[in-house]
Amino acid sequence: MPKPTLVFAALLIALGVGAFFSSGSRTALLPAYAGLVLAILAGLALAFEGGRRHLMHVAAVVALLGALAPAATLGIRAAQMSPLALTVNVGMLVLCGGLLALMVRSFFAARRAA
């Protein structure tokens, strides 16, 4: 799972940086922060074979929090958001939710194989 996590991390970073350059707001970088943490965890998982399982579980928690934050924001004030903020929140929700779904599927497959 480290390689797909790196891909999702790069997409989150691109989403955050693109939103920052479009709006100039530092809060638009929030997806990039989550992507940076995921990239660090995936890189460490690739480097340390023995700790891969634990690092990927931490990455799953980051992905869960990365999905819950925009979901809560959308639930509370989606009607008042600008189109860019709405797009960034939906994009972060989809990316983090998709990564989390892949991770859970991978964890179940690893459990069955053991």
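This is a short talk about one helix pair, two pockets and one glycine in the structure shown above.

Let me say at the outset that the model is a predicted one, and that every value I quote is computed from it.

I will start with the helix pair, since α3 and α4 come back when we reach the pockets. Helix α3 covers residues 52-77 and helix α4 covers residues 83-113, and the two pack with their axes 8 Å apart at an angle of about 145°. The crossing of α3 past α4 is left-handed. On the α3 side the contact includes Met-56, His-57, Ala-59, Ala-60, Ala-63 and Leu-64, as well as Gly-66, Ala-67 and Pro-70, while among the α4 partners are Leu-86, Asn-89, Val-90, Met-92, Leu-93, Cys-96, Met-103 and Phe-107. If we sort the residues of this contact by class, we find 18 nonpolar and five polar ones, and no charged residues.

Now to the pockets. The largest pocket has a volume of about 330 Å³, and it is lined by 17 residues, of which Thr-27, Ala-28, Ala-85, Val-88 and Asn-89 are the closest to its centre. Asn-89, you may recall, is also one of the α4 residues in the contact with α3. Helix α2, which spans 30-47, supplies at least two residues of this lining, as do α3 and α4, and it is α4 that gives the most, with five residues. By class, the lining of the largest pocket is made up of 10 nonpolar, six polar and one charged residues.

The second largest pocket has a volume of about 280 Å³. Its lining brings together Met-1 and Pro-2 with Arg-52, Arg-53, Met-56 and His-57, and also with Ser-106, Phe-107, Phe-108, Ala-110, Arg-111 and Ala-114. Here α3 and α4 each supply at least two residues, and α4 again gives the most, with five. Three of the lining residues are charged, seven are nonpolar and two are polar. Met-56, His-57 and Phe-107, which line this second largest pocket, also take part in the contact between α3 and α4.

Finally, a word on Gly-43, which lies in helix α2. Is this glycine buried or exposed? It falls in between, because its relative accessible area is 31%, and the partly exposed class runs between the 20% limit for buried and the 50% limit for exposed. Gly-43 and Met-1 are 42 residues apart in sequence, yet their C-alpha atoms are 11 Å apart in space, and Met-1 is, as we saw, one of the residues lining the second largest pocket.

How values were computed
Residues numbered from 1 in each chain as written. Predicted model: local features only at pLDDT ≥ 70, side-chain atom pairs only at ≥ 80, totals over all residues. Heavy atoms only, no water. Axes fitted to C-alpha atoms, helices over the stretch in contact; angles between N-to-C directions. Helix = DSSP H or I, 4+ residues; strand = E, 2+ residues; numbered from the N terminus. Left-handed = near helix turned anticlockwise from the far one by under 90°. Contact = heavy atoms within 4.5 Å. Nonpolar A, V, L, I, M, F, W, Y, C, P; charged D, E, K, R; others polar. 1 Å grid on protein atoms, 1.4 Å probe; cavity = no way out; pocket = protein on both sides within 12 Å on 5 of 7 lines; lining within 4 Å. Points joined across faces, edges and corners; volume = space filled by probe spheres on them. Buried < 20%, exposed > 50% of the residue type's maximum accessible area, 1.4 Å probe, protein only.
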